[in-house]
Amino acid sequence: MASMQVLQGLGVSEGVAIGRAICLETRNQEVYRFPLLDDQLEAEIDRFRSAAQEAQEEVQRLGRRVGHELGDELGGIFEAHSLMLSDPSLLGAIERRIQDEKVNAEWAVLETTADLRNRFASLDEEHFRERGEDLQDVGRHLLRALQGISHHDLSEIEGDVIVIADDLTPSDAVRLGRQGVVGFAIEVGGQTSHTAIIAHSLDIPLVAGLPGITRLAAQDDPVIVDGTTGSVILHPTADILERDRLRQTAQKASQRAWADSRELEAVTRDGVSIQLMANIDLSEELEDALRYGAQGVGLYRSEFLYIEQSPEVPDEEDHYEVYRRLLEKMAPSPVVIRTYDLGGRKLAREVMESREENPVLGLRGIRLTLARPRIFRTQLRGLLRAGRHGELWVLLPLVSTVDEVRSFRAFVATVMEELRSEGIPFNPQFQLGVMIEVPSAVMVADHLAREVDFFAIGTNDLIQYSLAVDRNNEHVADLYRPLHPALLRMIRRVIDEAEKAQIPVSVCGEMAADPRLASVLVGLGIRRLSLSPRRLPLVKEKIRAMDCSELARHLDLCSDLVSASDIERYLDRCGAL
């Protein structure tokens, strides 16, 4: 019997999960080499030809959808993939490998496309290197068709399953979470990655930063994932299993008790009222927001609609139906819908048209939607139509200049005119806000405040861009310090400029979901917090126990401290955290 092994990583979604391991290699599709007999080769080649036809039809369907929603230029990329899937030189090379090496079609596809990609990669011209990437995409389509699956599907596996993987994309996390997976343990990732946000949304414990775990764990190993402490236990003893089952029971009891607090007001001991709103990523969270008494939706991350439907592209009706449901369910409270924050690491290469050496600093957020108006127009039409059903607030991501706000207003005016000319009902009245998440937006907050109706501070990206720390890189995780004096000064400046312009300002990053940090934000002057629905009771409890004026005095005294460590020690000593 294997001995117990405890691994320490980074807890990024709280809770305890107990189950058996399913190990996934997500960077490359699992492909095994099976030798075939001579009398099996003809059937195998027929199977490959059928798969190639199925893959081509899939690519053509996707190309038509992308062409309709995003324009013919982007749809043409899939046309190129479709042509490759009917190219006799590629298909013939795969069939020859099946015949000559007497191997299964999956192995022949993997080896043939790898050989061709390596040849393209050795050439100097960028055009040929991009064709190598196209080959990789075509190979994936062929393998999915051969394996008869679109994605990893665990829905038929009985019992509690914990996925152990090298990495998980947000769309992987959505699909697996909805198939009943109870926990995740992955080699990479950070506290504010989008996979972590999905795990939070689905209430699934997740531990990241576990290099090598896919080599240590085997299929069906008993495992415990503790997203609160960041530990993963392989082959736990009976005593440890009993201990953590009791912890699970206690957590469920706490969650039931939290729902009872929904009617309590979020008011500090000295009478300062705080508006607590919900961050929504997936439809499952809407009921939680209502259950825990959210006073509206402070952030709906609309890019998760794209992630949920990937590789499909949401159409206008998809947007309209999701936004309408949010607005109707939360009425009369406001619903803040952030326009697509795609780009960076959150968008398929096909839609980007080209690779970016540094995508986090590239064409993302408001930059992408203004540069690719076909993407934006579909979403805006859905937003404006849905605005008839409730209190709509529209939030623009990654704004760094006033010009971007003005460009948005001009563009939305053209979309409104389109809807009028088509006789489609919509509401032209909505509140417009900007995310404050890059240092330039902080420095021109006074100018931005005169252009918009509200601010939302996105602390996840603001910390990343201000401290030059990749928030998903476990090697520099210790430098990701929310109480860095530079960040506190920036938040103060944004609050001051919003107050001068008499517009509301909220915080919707992960700082708002941490009760200790949320109290710091309130002490700085924030009066609106938006966070994961399941964190609302904890933050409310902290707010009701704090004295706002006293904490504000302590934070004033912190202004002369020179490091995050100094600030943390001071606030700990005075009991402010």
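**Note on the predicted model**

1. Of the protein's 577 residues, 54% count as buried. The coordinates under review are those of a predicted model. The exposed surface comes to about 25000 Å², of which carbon and sulfur atoms supply 49%.

2. As regards secondary structure, the protein has 24 helices and 16 strands. Among contacts between residues at least 6 apart in sequence, 70% join residues at least 24 apart.

3. An open sheet is formed by eight strands, with mixed pairing and the order 1-8-7-3-4-5-6-2. Its edges are occupied by strand 1 (5-8) and strand 2 (10-13); each has a single partner strand, so one side of each is left without a neighbour in the sheet. On average, and with direction ignored, neighbouring strands of this sheet are turned by 30 degrees against each other.

4. At one edge, strand 1 pairs with strand 8 (residues 231-234) in the antiparallel sense, over four bridges. Within this region, Leu7 stands opposite Val232 of strand 8.

5. Two helices deserve attention for their contacts with these strands. Helix 7 (residues 194-202) packs on the sheet and touches strand 2, strand 5 (183-186) and strand 6 (206-208). The direction of helix 7 makes about 55 degrees with that of strand 2.

6. Helix 9 (residues 238-259) lies across strand 3 (16-24), strand 7 (222-226) and strand 8. Relative to strand 3, helix 9 runs at about 115 degrees. Strand 8 thus has a place in two of the points above: it pairs with strand 1, and helix 9 lies across it.

Key. Residues are numbered from 1 along each chain as its sequence is written. This is a predicted model: local features need pLDDT of at least 70, side-chain atom pairs count only at pLDDT 80 or more; totals for chains, interfaces and linings use all residues. Side-chain values use heavy atoms; hydrogens and water are left out. Buried means under 20% relative accessible area, exposed over 50%, partly exposed in between (1.4 Å probe, protein chains only). Contact means heavy atoms within 4.5 Å. Accessible areas come from the Shrake-Rupley method with a 1.4 Å probe; for residues, only the protein chains shown count as cover. Two strands pair if DSSP finds at least two bridges between them. Axes are lines fitted to C-alpha atoms, for helices over the stretch in contact, and angles run from 0 to 180 degrees between N-to-C directions.
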